[in-house]
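Biologist: I am new to this structure. Please take me closely through one part, the nonpolar core, and then through what surrounds it.

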Amino acid sequence: QLYPHANVGAYIDLAAPGVEVMAPAVNNGYDLATGTSFAAAHVSGLAALMLAAEPTLKRESLLERLKATAVDLGAPGPDPKFGAGCINAARALGDHNAVVGGPR
């Protein structure tokens, strides 16, 4: 489902988990948090892992791989709510047979 405060529009490229995401909390603990900032951190972390594995990867290629390996959500194909779909770390990092969250 789409997070009620998510950005929507033709400019959306991808979606990422942002509801009840495990995040650092006080006293060296963890808590569940929700928001677009947590979704952005997922994308940044995945991009960092991709660049660590392939340091010469260019921005355009990284974005295209993220889109190509995303799990389609909402209406089939790119749409203004989820873009190309939700990022899929296993697929983006090279396991193109991985199905995270079940088939669509």
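Modeller: Start with the largest nonpolar core, which has 13 residues. Leu14, Leu46, Met50, Leu62, Leu66, Ile87 and Ala92 touch the most other members. A nonpolar core here is a set of buried Ala, Val, Leu, Ile, Met, Phe, Trp, Tyr and Cys residues joined through side-chain atoms within 4.5 Å. Buried means under 20% relative accessible area, exposed means over 50%, and partly exposed lies in between (1.4 Å probe, protein chains only). Two elements, α1 and α2, give two or more residues to this core. Helix α1 supplies the largest share, four residues.

A word on the source. This is a predicted model, in which local features need pLDDT of at least 70 and side-chain atom pairs count only at pLDDT 80 or more, while totals for chains, interfaces and linings use all residues. Residues are numbered from 1 along each chain as its sequence is written, and side-chain values use heavy atoms, with hydrogens and water left out. Helices (H or I, at least four residues) and strands (E, at least two) are DSSP runs, numbered from the N terminus.

Now look at α1 itself. Its 18 residues should span 26 Å at 1.5 Å a residue, and its end C-alpha atoms are indeed 26 Å apart. The expected span is 1.5 Å times one less than the number of residues. Which residues of α1 are buried? They are Ala39, Leu46, Ala47 and Met50. Seen down the axis of α1, these buried residues fall within an arc of 100°, so they line one face of the helix. That arc is taken from the directions from the helix axis to the C-beta atoms. An α-helix has 3.6 residues a turn, so residues three or four places apart point the same way. The face of α1 turned away from the buried side carries exposed Ser37 and Ala52.

What covers the buried residues of α1? The cover includes α2 and α3, the latter being residues 89–92. Contact means heavy atoms within 4.5 Å. Take leucine 62, one of the core members named above. Setting aside neighbours within four places in sequence, leucine 62 is in contact with Ala47, Met50, Leu51 and Leu57. Ala47 and Met50 are among the buried residues of α1.

Further along the chain, valine 71 sits in the loop between α2 and α3. Valine 71 is buried, at 12% relative accessible area. Its C-alpha atom is separated by 18 Å from that of serine 61, ten residues apart along the chain.

Charged pairs come next. Side chains of opposite charge can pair when their charged atoms come close. A salt bridge is a side-chain nitrogen of Lys or Arg within 4 Å of a carboxyl oxygen of Asp or Glu. How many does a search of the whole structure find? It finds two.

One joins aspartate 13 and lysine 67, at 3.5 Å from N to O. This pair links distant parts of the chain: aspartate 13 is in the segment before β1, lysine 67 is in helix α2 (residues 59–68), and they are 54 residues apart. Aspartate 13 is partly exposed, at 35%. Lysine 67 is also partly exposed, at 27%.

The other joins glutamate 54 and arginine 65, at 3.0 Å from N to O. Glutamate 54 lies in the loop between α1 (36–53) and α2, and arginine 65 in helix α2, so the pair ties together parts eleven residues apart in sequence. Glutamate 54 is partly exposed, at 32%. Arginine 65 is partly exposed too, at 26%.

Finally, the strands. β1 (residues 21–25) and β2 (residues 29–33) run antiparallel, joined by five bridges. Two strands pair if DSSP finds at least two bridges between them. Valine 21 stands opposite alanine 33 in β2. Proline 24 stands opposite tyrosine 30 in β2. The two strands form a hairpin with three residues between them.

Asparagine 27 in the turn has a positive phi of about 60°. Asparagine 28, in the loop between β1 and β2, also has a positive phi of about 60° although it is not a glycine. Asparagine 28 is exposed, at 79%. Glutamate 20 is in the segment before β1. Its phi is positive, near 50°, in a residue other than glycine. Glutamate 20 is exposed, at 56%.
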